[in-house]
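Q: Hey, I've just opened this one and don't know my way around yet. Could you walk me through it?
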Amino acid sequence: MALNFPLIGLQSPKLPSFGSPRISMVSAVRSTTKMADTIKKPLIPPREVHIQVTHSMPPEKVEIFKSLNDWADKNILVHLKQVLRCWQPQDFLPEPSSDGFIEEVNELRERAKELPDDYFVCMVGDMITEEALPTYQTFLNTLDGVRDETGASLTSWAIWTREWAAEENRHGDLLNKYLYLSGRVDMKQIEKTIQYLIGSGMYVRTENNPYLGFIYTSFQERATFISHGNTARLAKVHGDVKLAQICGTIAADEKRHEMAYTKIVEKLFEIDPDGALLAFEDMMRKKILMPAHFMYDGHDENLFEHFSAVAQRIGIYTAKDYADILEHLIKRWKVDSLTGLSEGGRIAQEYVCTLASRIRKLKERAQSRAKQVPEVPFSWIFDRKVRL
Ligand SMILES: [Fe+2]
Ligand SMILES: [Fe+2]
């Protein structure tokens, strides 16, 4: 699940439209010791961002989130499911203790033979994205006013983050086990990609700011709902109903998470419409980067762009989806009918409410200019080539 928007501006981020951010120059520390010289690749993340903006939310706004703790208890935690009512990966996989295990695995592998390579590239990319979950829990805990201060904090915000992560953890587990059993993919290359990705983290320019952070997660949960939903739809087209059920079940979780995050932002629009709108504008001007944008497998420097291009071509996640999500959120938060805004707020309203049509026009122009697309090898499928 990804979109092939270039990572423009990562080196020189635009100043946020409110608050007084701190900008830190972050230098990559590369070891120059003798030992590092003897190791082919020193242990540094493969992707680095050298200029990072932090703490852009004015400190007094932290109080808003503290005051919303009880509200979150009643309105956000209800979107979590009790463990006893949750599905588990094992519900969808061959039972290893049963006599029919090998037979079930063989059936799974027979069904997987019908799925094309480009489909597997997208599914692997989705699975790797889900498997970088430690990064996303870390991300939520960067947000001022809502972070889990102890690791076991009893604030509603912290409980949400832990329980949300616990639910999400099943997604990567299930897709990983399915792909392992399918026999169609190079598991070691995939595992290396996951390790590289978690080591790199993510930088989506939310600046420790929960306004920006929850707009990001609202967008992102809907993006994953759409991409897993499309992976389910295509599995059905290729005759694998069981895989369709797996992807569809994950998509339903993402939808539930989207409901929670959009409700938080809806509340921000209610109590601080200007602040929420400026944050929405800020995130959309920066573009919503996908959480796995630092993806790397040790070979392909443009792996994320290549994976995104395949996802776009086969209809897993497209520029149209990006514009549709934006329109959905505008409607969800009634952005076009907000009144009593500051001048900056009115500019932001005009910008976000007209952005989707501009994205669609750009997409049409790009399609009319589309040239012959190359094929590239993906290490995840034993270097077999897939058209972008
Ligand atoms: Fe997920
Ligand atoms: Fe999710």
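A: Sure, let's go through the metal sites and then one loop residue, keeping in mind that this is a predicted model.

Q: Let's start with ligand 1. Which residues coordinate the iron ion (ligand 1)?
A: E130, E168, H171 and E254 do, with E130 listed twice through OE atoms and H171 using ND1. The distances run from 2.1 to 2.3 Å.

Q: How are those donor residues spaced in sequence?
A: For the iron ion (ligand 1) the pattern is E-x37-E-x2-H-x82-E. E130 sits in helix α5 and E254 in helix α10, so this pair ties together parts that are 124 residues apart in sequence.

Q: What about the iron ion (ligand 2), which protein donors does that have?
A: Those are E168, E221 and E254, each through OE, at 1.9 to 2.0 Å. Along the chain they follow the spacing E-x52-E-x32-E. Distant parts of the chain get linked here too: E221 belongs to helix α9 (residues 210–237) and E254 to helix α10 (residues 241–271), 33 residues apart.

Q: How far apart are the two iron ions, and which residue coordinates both?
A: They're 3.6 Å apart, and E168 coordinates both.

Q: Does UniProt come into this? I mean, which residues does it list for "binding site"?
A: One set, from an unreviewed entry, is E168, E221, E254 and H257. These are spread over 90 residues of sequence but cluster in space, with a largest C-alpha distance of 10.8 Å. From this set, E168, E221 and E254 help line the largest cavity.

Q: And where else does UniProt place that feature?
A: The unreviewed entry also has "binding site" at E130, E168, H171 and E254. They span 125 residues in sequence, yet no two of their C-alpha atoms are more than 11.3 Å apart, so they gather at one spot. Of these, E130, E168 and E254 are in the lining of the largest cavity.

Q: Let's zoom in on E221. Is it buried or exposed?
A: Buried: its relative accessible area is 5%, and the cut-off for buried is under 20%.

Q: What does E221 touch?
A: Leaving out residues up to four places away in sequence, E221 touches W164, E168, E254, H257, E258 and Y261. With W164 there's also a polar contact of 2.8 Å between the side chains.

Q: H257 came up in that UniProt list. Where does H257 lie?
A: H257 is in helix α10. At 0% relative accessibility, it counts as buried. Setting aside residues up to four places away in sequence, its contacts are W160, W164, E167, E168 and E221.

Q: Back to E130. Which helix is E130 found in, and what does E130 touch?
A: E130 is part of helix α5 (residues 117–131). Not counting residues up to four places away in sequence, E130 touches E168, H171, G172, L175, H228, I250 and E254. E130 is buried, with a relative accessible area of 7%, and E254 is buried as well, at 1%.

Q: How about H171, buried or exposed?
A: Buried, with a relative accessible area of 0%. H171 sits in helix α7 (residues 156–182). Apart from neighbours within four places in sequence, H171 is in contact with W87, E130, I250, D253 and E254. The side chains of H171 and E130 are joined by a polar contact of 3.5 Å.

Q: Changing topic: where is N208 found?
A: N208 is in the loop between α8 (187–200) and α9. At 13% relative accessibility, N208 counts as buried.

Q: Which residues is N208 in contact with?
A: Leaving aside neighbours within four places in sequence, those are T54, H55, T142, L143, D144 and R147. The N208 side chain reaches the backbone nitrogen of H55 at 2.8 Å. A polar atom of that side chain also lies 3.0 Å from the backbone oxygen of T142.

Q: And how far apart are N208 and V53?
A: In sequence they're 155 residues apart, but in space N208 and V53 are 8.6 Å apart, C-alpha to C-alpha.

Notes
Residues numbered from 1 in each chain as written. Chains lettered and ligands numbered in written order. Predicted model: local features only at pLDDT ≥ 70, side-chain atom pairs only at ≥ 80, totals over all residues. Heavy atoms only, no water. Donors = N, O, S within 2.8 Å, 3.2 Å for Na, K, Ca; no water. Helix = DSSP H or I, 4+ residues; strand = E, 2+ residues; numbered from the N terminus. Buried < 20%, exposed > 50% of the residue type's maximum accessible area, 1.4 Å probe, protein only. UniProt positions renumbered as here; feature names shortened; annotations may be inferred. 1 Å grid on protein atoms, 1.4 Å probe; cavity = no way out; pocket = protein on both sides within 12 Å on 5 of 7 lines; lining within 4 Å. Contact = heavy atoms within 4.5 Å. Polar contact = N/O pair within 3.5 Å; in protein donor to acceptor, adjacent residues only side chain to side chain.
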